[in-house]
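I opened a fresh page for this one and kept my notes short. Come along and look things up with me.

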Amino acid sequence: MIVLYEIWPPPDTRKQGEPLRAFMDIEPTRKRSGHEDIFIGYHADDDVQVTYAGKFFRINHNYHVATHKRDDVLVYWSSSRCFEHRNKIARELFRHLPAHSFGRCENNVGGGEQARERYPGGGRGEGQPPSEWWDHLHCAMSHYKFVLAIENTIAESYATEKLYYALESGSVPIYFGAPNARDLAPPGSYIDGAAFASVEELARYVREVAGDPAAYAEFHAWRRCGVMGAYGATRRRRRRPTPPPPLCRDDGTRPTLTARLEERSVVCVMANAFE
């Protein structure tokens, strides 16, 4: 038996015969209390590694996913905690790319309720309480080719639902967050926003990918490749029963342009599913 302590650490005294204690702290400032037997945090060095994308965020989560992506508006963003470092990135990116922002921060769609108004298919099931606006966010983001995902805090191994919701929705995250995100997400599944010299350069690259079905499909190759690369090593799955498909690279890299052209017939089959 294990007693889980969350938010508040275990007391500094314990009774004889008391079961094992587990303390979970997944905030950026995570810290062992010194009174637990098992420490649960977001870092790989912790006894148990977890992320924010856990049960708490899935209680009323709706997994309705659109079958087609929009071509007129490329980027989705939703943020209700208006940190200036995030707002600044969003404002600059939106100057170069067509985007919809559904949260309180930099909202450009006419209010927070617009996710529910524009994409009603993401509501709760029959017999459930009336849906809230946040129940529709997963459905809403699934209509966009790209989702802007900016962490509140930039720290090693600190990745939250912002990254994983975008992947779950069938979109490509434009990610600003953990510098070792390649250990935390499937290889080739996201665009590392910090890898570009400027937001303008990033926007230019996003436009190029959006306009090339083969290039866009490459970001979804992991969906049939399984757990690979550094992400696979992190998950302790180092062996595969069968060789990976042509577009899957175990080191997380993508094929050269020549290889892409040779494999284009394979890629385009995948691209059709995301047009």
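Below are my entries, starting with the sheet and ending with a serine.

**Entry 1: the sheet.** A reminder to myself: this is a predicted model. I began with the strands and asked in what order they form the open sheet. The 5 strands run β6-β5-β7-β8-β9, and the pairing is parallel. Next I looked for the edges: β6 (99-101) and β9 (191-192) each have a single partner strand, so one side of each is left without a neighbour in the sheet. As background, I noted that strands of a sheet pair through backbone hydrogen bonds, either parallel or antiparallel.

**Entry 2: β5 and β6.** I went to strand β5, residues 75-77, and found it paired with β6 in the parallel sense over 3 bridges. Which residue of β6 is the bridge partner of Tyr76? I found His100 there. I kept Tyr76 in mind, as it comes back in Entry 5 as a member of an aromatic cluster.

**Entry 3: β8.** How many residues of strand β8 (residues 172-176) are buried? I found 5 of its 5. I then checked which way they point: Val172, Ile174 and Phe176 go one way, Pro173 and Tyr175 the other, and all are buried. That reminded me of a general pattern: in a regular strand the side chains alternate between the two faces of the sheet.

Then I looked at the partners of β8. With β7 it pairs in the parallel sense over 5 bridges, and Tyr175 is the bridge partner of Ala149. With β9 the pairing is also parallel, over 2 bridges, and here Ile174 stands opposite Ile191. I also followed the chain from β7 through helix α4 (residues 161-168) to β8, and these make a right-handed β-α-β unit.

**Entry 4: a tilted pair.** I searched the whole structure for aromatic pairs and got 11. One of them is Phe23 with Phe39, a tilted pair at 6.0 Å centre to centre with 55° between the planes. The two rings come from distant parts of the chain, with Phe23 in strand β2 (residues 20-24) and Phe39 in strand β3 (residues 38-41), 16 residues apart. Are they buried or exposed? Phe23 counts as buried at 5% relative accessibility, and Phe39 is buried at 1%.

**Entry 5: an edge-to-face pair.** My next pair was Tyr119 and Tyr144, edge-to-face, 6.2 Å centre to centre and 80° between the planes. Tyr119 sits in the loop between α2 (114-118) and α3 (137-141), and Tyr144 in the loop between α3 and β7 (146-150), so the pair ties together parts that are 25 residues apart in sequence. Both Tyr119 and Tyr144 are buried. They belong to one aromatic cluster together with Tyr76 and Phe102.

**Entry 6: charges over rings.** I found Arg30 over the face of Tyr42, 5.1 Å from the ring centre. I also found the charged end of Lys145 over the ring of Tyr216, 5.8 Å from its centre.

**Entry 7: Ser79.** My last stop was Ser79, in the loop between β5 and α1 (84-96). Its relative accessibility is 3%, and buried means under 20%, so Ser79 counts as buried. What does its side chain reach at 3.3 Å? I found the backbone oxygen of Arg81. Leaving aside neighbours within four places in sequence, I listed the contacts of Ser79 as Arg86, Gly103, Arg104 and Cys105.

Methods:
Residues numbered from 1 in each chain as written. Predicted model: local features only at pLDDT ≥ 70, side-chain atom pairs only at ≥ 80, totals over all residues. Heavy atoms only, no water. Pairing = 2+ DSSP bridges. Helix = DSSP H or I, 4+ residues; strand = E, 2+ residues; numbered from the N terminus. Phe/Tyr/Trp six-rings, centres within 6.5 Å; stacked < 30°, edge-to-face > 60°. Buried < 20%, exposed > 50% of the residue type's maximum accessible area, 1.4 Å probe, protein only. Lys NZ or Arg CZ within 6 Å of the ring centre and 35° of its normal. Right-handed = clockwise from strand over helix to strand, strands pointing away. Polar contact = N/O pair within 3.5 Å; in protein donor to acceptor, adjacent residues only side chain to side chain. Contact = heavy atoms within 4.5 Å.
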